[in-house]
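Here is a short report for a first look. Keep the sequence and the 3D view open while reading.

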Amino acid sequence: DFYFILLGKSVKNKFLFSMTYDVIVVGGGHAGTEAAAAAARLGAETLLITQKIMTIGALSCNPSLGGVGKGQLVREVDALDGLCGRAGDSAGVHFSILNRSKGPAVWGPRAQLDRERYRQFIQSELLSTPRLTVLEGSVDELLVSQPNPEEPGHHRVTGIRLVDGSHPILSSSVVLTTGTFLSGSLFMGQTTSPGGRMGDAQSCAGLSYTLKETLGLRVGRLRTGTPPRIVKESVDLSLAQLQAPDKQPTPFSFLNTHTRCKPEEQLPCYLTHTTPGVERVVRESVHLNCHIQQDAKGPRYCPSIESRVLRFPGRRHQVWLEPEGLTSDLLYPQGLSMTMPPELQLRLLREIPALHRAEIRTPGYGVQYDFVCPTQLTPSLQVKSTQGLFLAGQINGTTGYEEAAAQGLWAGVNAGRTALSLPPMALSRTQSYIGVLIDDLVGRGVTEPYRMFTSRAEFRTYLRPDNADLRLTPRGFEEVGCVTLRRYKKAVSVRDGLQEALMALQSVALSSTRWREKLVCSLTLLYHVSFSLSGLDLLQYKDVSFEMLASAFPECLSQYFEYSQRLKIEAVYRPHCEKQSREMERIRSEESLSLPSDMDYLSLPVSLSQEVREILDRVRPNTVSLSKTTTKHISTVYVSKVILKKYII
Ligand code: FAD
């Protein structure tokens, strides 16, 4: 009665289809694919259900991955054996490290992607993942039971029901990753229609009903938009500024030494700017543009052209013309997300000199959707009031593929652990950007689409893109169970090699006079110190490279050439990280002090202002650690955690 289209390996099992799984993942976007793959890697029998198999791994908006803060997330997902880093290496057509003028801790690995290659990579990875079945269908209802009649409002998930069938599919863990599809509405000009993405239906109403009415979850509304896609041939690229990729592409994945696209095959991007004519078209079309008149908040750091010109009138705004793939005949105009009527979109584009004859293949549009306020989740991304229900991705109020992938992986890990009767796990914000992301979401919530920045991580000199494997891969294998042996062995061998190399660098200690003779160069610093310096001490200085030291001590250092860049970065940041280690220790110990979920903050017999009590009652912090705090309200809460320490469990 209900149709299944099972992907590749599963087709032959069509009629043997099991109706019980350890984990069910709903949604095949960036969160859902990582969640399903992670749960299966953990050993859980997993079912991924998504509306359309052909859109698994689709890049709904920009054809790119990574960037400042986001690139760190991709590297961490990769270090935990996730998919997106390797997919990026396979699909990248233009690689660059952003923020190169700053220190390596805040470099942002980024790539323009070939949309087709990205989708194909993700789909073929899922196909070859043992214990994972993929099913095309639409989930209409979450099945829940009430574990204890004395605990009204507390539920346990038991499975899902599809829209086309009456048969339930049972599972003790369900991960919801429905992206922009929950009560999604699409906007273009004055037209509004239900949908989660152009060409895709919104999530079934039953799902929203279960979340809001049955489970009583607080839900908010956000919006985002995407630019028109432009026919490449119609663009006069001679009027735009060429932006070349890095000469040598840097792979995202720790497993890869090179990317699929050869350095010389990479495609360029182009930079151009808006003109006063663009602002004029925006102003003249405001009354024809329903999306911008909505109250829902849009992404502050990826705003539409309408928001940009209305907020900053008279300015020239950057527009990046980016390739959509190796064989695609389209360009993606980053910075020109817009929702006015299509004929005005064309008029607006043609106000930009390089686009004066531009042709649009598909117009831009906006989407408005429900998100679940993430303070209702635990650090394992489980809904506090519903055992076994996990949420990840845009449904939690974030924006971006990388944020979705990071949450998906961690929700999949915990859904798998729950199904296998293992305790849930949290990632500390002292240990990873994924920990920072989840802590920010569940601890503070969101008022606008959340995106990652390096400034959100207080320990960013330690949470670097270069060392994500050392921070996460061993733990991912030894404690979490989501890392395969092959990757673990590689990370351990790198860790041992680096440790040996650091010891070797420390063992070569000379006076400054001897170093001057050895290095045969005039480093100013060597004229100012009288004490002896190790190779590691020297390596932290700007003008000293590992290669220089290795040529001075070839017998003990030359075998470590492969680590030269990592050793340089480690030497530069080591003194600072050592200083921060006490603060990191403090936060970790606070993160390990859980607060009871049913604490009655309103009548707690301690001296707390009513305002703080109400905030605590609403936020219901998971642990005593309330992390970096900026607002007046939360800093009051921060102080009061000293009092709360008395009540920890
Ligand atoms: P998605 O990638 O949206 O995946 C959700 C999946 O769930 C889909 O496969 C869908 O088919 C499936 N699904 C939904 N409901 C059901 C159901 N009931 N049953 C079965 N399957 C279901 N990000 C940015 O960073 N910058 C931007 O400017 C930006 N603009 C965007 C503009 C638009 C128009 C859209 C649609 C998205 C935009 N994004 C942008 C967001 C980006 O696409 C998301 O952040 C990212 O894709 C989120 O990943 P996800 O896995 O949470 O959800």
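## The shell around the ligand

Which helices and strands each supply at least two residues of the shell around the ligand? Two helices do so: helix 1 (30-42) and helix 9 (401-419). Two strands do so as well: strand 2 (46-50) and strand 12 (219-226). Keep in mind that this is a predicted model.

There are 39 residues around the ligand. Those that come nearest are Gly27, Gly29, Gly179, Gly393 and Ala404. By type, the shell holds 24 polar residues, 13 nonpolar ones and 2 charged ones.

## Strand 9 and its partners

Strand 9 covers residues 168-176. Is it enclosed or open? Of its 9 residues, 7 are buried, so strand 9 is largely enclosed by the rest of the structure.

Strand 1 (residues 20-26) runs parallel to strand 9, and 6 bridges join the two. Here Thr20 stands opposite Leu170 of strand 9. Strand 21 (residues 389-391) also runs parallel to strand 9, with 3 bridges between them. In this pair, Leu176 has Leu391 of strand 21 as its bridge partner. Strand 8 (residues 155-162) runs antiparallel to strand 9. These two are joined by 3 bridges. Ile160 stands opposite Ile169, a residue of strand 9.

## A sheet of three strands

One open sheet has 3 strands in the order 3-5-4. Its pairing is antiparallel. Which strands stand at the edges? They are strand 3 (64-66) and strand 4 (92-98), and each pairs on one side only. On average, neighbouring strands of this sheet are turned by 20 degrees against each other, direction ignored.

Strand 4 and strand 5 (residues 108-113) are joined by 6 bridges and run antiparallel. One position to find in the view is Ser96, whose bridge partner in strand 5 is Arg110. In a regular strand, side chains alternate between the two faces of the sheet.

## A sheet of six strands

Another open sheet is formed by 6 strands. Read across, the order is 14-15-16-17-13-18, with antiparallel pairing. Strand 14 (241-243) and strand 18 (360-362) stand at the edges. Each has a single partner strand, so one side of each is left without a neighbour in the sheet. From one strand to the next, the twist averages 35 degrees.

Inside the order, strand 17 stands beside strand 13. Strand 13 (residues 229-231) and strand 17 (residues 330-334) pair in the antiparallel sense over 2 bridges. Val231 has Leu330 of strand 17 as its bridge partner.

## Helix 18 and its two sides

Helix 18 spans residues 610-619. Which of its residues are buried? Val612, Ile615 and Leu616 are. These three cover an arc of only 95 degrees around the axis, which puts them on the same side of helix 18.

The other side of helix 18 has a contrasting pair: Gln610 and Arg618 are exposed there. Arg620 follows the helix. Its phi is positive, near 45 degrees.

## Two aromatic residues: Phe453 and Tyr488

Where does Phe453 lie? This residue is in the loop between helix 10 (433-444) and helix 11 (468-480). Phe453 has 18 other C-beta atoms within 10 Å, so it counts as partly exposed. Leaving aside neighbours within four places in sequence, Phe453 is in contact with Val68 and Gly69. Glu517 is 64 residues from Phe453 along the chain, and their C-alpha atoms are separated by 44 Å.

Tyr488 lies in helix 12 (residues 485-507). Is Tyr488 buried, exposed or partly exposed? With 17 other C-beta atoms within 10 Å, Tyr488 is partly exposed. Its contacts, leaving aside neighbours within four places in sequence, are Thr473, Pro474, Phe477 and Val483. Tyr488 and Leu519 are 31 residues apart in sequence. In space they are 37 Å apart, C-alpha to C-alpha.

How values were computed
Residues are numbered from 1 along each chain as its sequence is written. This is a predicted model: local features need pLDDT of at least 70, side-chain atom pairs count only at pLDDT 80 or more; totals for chains, interfaces and linings use all residues. A residue is near a molecule or strand if its C-beta atom, placed from the backbone, lies within 6 Å of it. Helices (H or I, at least four residues) and strands (E, at least two) are DSSP runs, numbered from the N terminus. Ala, Val, Leu, Ile, Met, Phe, Trp, Tyr, Cys and Pro count as nonpolar, Asp, Glu, Lys and Arg as charged, and the others, Gly among them, as polar. A residue is buried if 20 or more other C-beta atoms lie within 10 Å of its own, exposed if 12 or fewer, and partly exposed in between; C-beta atoms are placed from the backbone. The arc is that of the directions from the helix axis to the C-beta atoms. Two strands pair if DSSP finds at least two bridges between them. Axes are lines fitted to C-alpha atoms, for helices over the stretch in contact, and angles run from 0 to 180 degrees between N-to-C directions. Two residues are in contact if their C-beta atoms, placed from the backbone, lie within 7 Å.
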